[in-house]
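Reader: I am new to this structure and would like to learn how to read it. Could you take me through a few features, giving the general idea and then the case here?

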Amino acid sequence: MASKITYDHCPCCGSAAISKMFSCTDHTVSKKIFEVWKCSACTFAFTQNVPTLDYIAPYYQSSAYVSHSDTKEGIINKLYHQVRKVTLRSKRSLLKKITGLKNGTLLDVGAGTGAFAHTMQTAGWHVTGLEPDTAARATALSKYNLELQTLQSLTELQPASYDAITLWHVLEHVHDLDGYFHTFSRLLKNTGRLVVAVPNYTSHDASVYQAYWAAYDVPRHLYHFSPKSMHVLAEEKGFIIEKLYPMWFDSIYVSMLSEQYQKGKNNHLRAIKVGLVSNVKAIFDTAKCSSVIYVMRKK
């Protein structure tokens with residue numbers, strides 16, 4: 001069985017008009033180099049020659065991978081945890097706003113160590129959390145008494161049973177885009193909303209750091225989204241994007257990591273400046289934000 005996936009057509013729109021953008025280094029785990037390619041038809045970008053699902057796990061095994069380890073080591077990870085307190089409240093408010101519900105049923109895919117699932121559960125929502133990483137599930141159990149399920153549980157969930165399905169920086173990790181979108185459509189109520197947050201490689205901070213932009217995060221990030229390509233993808237999978245929302249803090253966090261990758265040292269002042277400029281450019285156009293939340297409904 002092949003251990004790598006090589007694309008000769010765009011995984012989003014199927015066009016053969018694909019070409020290499022540049023090579024990126026896996027700074028977090030392996031230090032290996034992976035190529036990032038782009039489709040000129042829909043602007044979808046993707047990591048070429050990525051490990052298949054059966055071979056990707058070792059690239060997640062790092063104490064520095066904060067969404068799985070919950071580490072607070074280093075100033076950047078400390079910042080991540082401080083900011084998360086704010087973003088968890090804003091995510092809770094967003095879900096109430098887009099669903100019109102004070103409490104409802106939520107499926108959180110790629111729940112990590114369970115912080116968001118716990119926040120929504122505390123707010124009175126009935127939450128199902130899915131997380132493939134064993135260590136992250138163990139942290140969720142010990143920290144929040146949350147029993148997260150594996151991704152295999154997706155096939156066992158009841159159809160049309162969720163008011164919202166959330167993927168916070170998860171879709172870029174998913175090997176089977178077709179299968180997941182089909183499942184989301186099956187599990188969502190007709191009035192339900194699919195909430196997808198992903199990095200935006202057309203943002204200002206991405207243009208500054210180029211191949212060193214931390215949100216490329218190869219090979220864990222299989223895909224790299226532009227707002228245009230996300231609209232194409234949603235349309236292809238039977239969804240309509242209703243609205244875009246910004247994730248203001250991501251530009252700072254990602255710029256701090258990118259600065260470290262590019263210069264080999266932390267220049268926090270420059271990183272903050274790049275992040276702030278990125279946010280200013282996105283004030284009147286959310287599609288320019290470093291990370292974007294896409295709220296979708298079924299066609």
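Author: Let us begin with a helix and what lies against it: the buried residues of helix 7 (residues 227–236) pack against helix 5 (177–187), strand 9, strand 11 and strand 12. Contact here means heavy atoms within 4.5 Å, while helices (H or I, at least four residues) and strands (E, at least two) are DSSP runs, numbered from the N terminus. This is a predicted model, in which local features need pLDDT of at least 70 and side-chain atom pairs count only at pLDDT 80 or more, whereas totals for chains, interfaces and linings use all residues. Residues are numbered from 1 along each chain as its sequence is written, and side-chain values use heavy atoms, with hydrogens and water left out.

Reader: Which residues of helix 7 are buried, and on which side of the helix do they lie?

Author: The general idea is that an α-helix has 3.6 residues a turn, so residues three or four places apart point the same way. In helix 7 the buried residues (buried means under 20% relative accessible area, exposed over 50%, partly exposed in between, with a 1.4 Å probe and protein chains only) are P227, S229, M230, L233 and A234. They cover an arc of only 155° around the axis, taken from the directions from the helix axis to the C-beta atoms, which puts them on the same side of helix 7. Helix 7 is followed by G238, which has a positive phi, near 90°.

Reader: How should I read the sheet, and which strands stand at its edges?

Author: Two strands pair if DSSP finds at least two bridges between them, and here six strands form an open sheet with mixed pairing, in the order 7-6-8-9-12-11. Strand 7 (126–130) and strand 11 (239–246) stand at the edges, and each has a single partner strand, so one side of each is left without a neighbour in the sheet. From one strand to the next, the twist averages 20°.

Reader: What are the pairings of strand 12 with strand 11 and with strand 9?

Author: Strand 12 (residues 291–298) pairs with strand 11 in the antiparallel sense over seven bridges, and F239 stands opposite K298 in strand 12. Strand 9 (residues 188–199) also runs antiparallel to strand 12, joined to it by six bridges, and there A197 has I293 as its bridge partner. Strand 12 is mostly covered, since seven of its eight residues are buried.

Reader: How do I recognise a salt bridge, and how many does a search of the whole structure find?

Author: Side chains of opposite charge can pair when their charged atoms come close. The criterion is a side-chain nitrogen of Lys or Arg within 4 Å of a carboxyl oxygen of Asp or Glu, and a search of the whole structure finds nine salt bridges. In one of them, the side chains of K299 and E235 meet at 2.7 Å, N to O. K299 lies in the segment after strand 12 and E235 in helix 7, so this pair ties together parts that are 64 residues apart in sequence. K299 counts as exposed, at 53% relative accessibility, and E235 as partly exposed, at 47%.

Reader: Which residue forms a salt bridge with E242?

Author: E242 forms a salt bridge with R297, their closest N and O atoms being 3.2 Å apart. E242 lies in strand 11 and R297 in strand 12, so the pair ties together parts that are 55 residues apart in sequence.

Note on methods:
Axes are lines fitted to C-alpha atoms, for helices over the stretch in contact, and angles run from 0 to 180 degrees between N-to-C directions.
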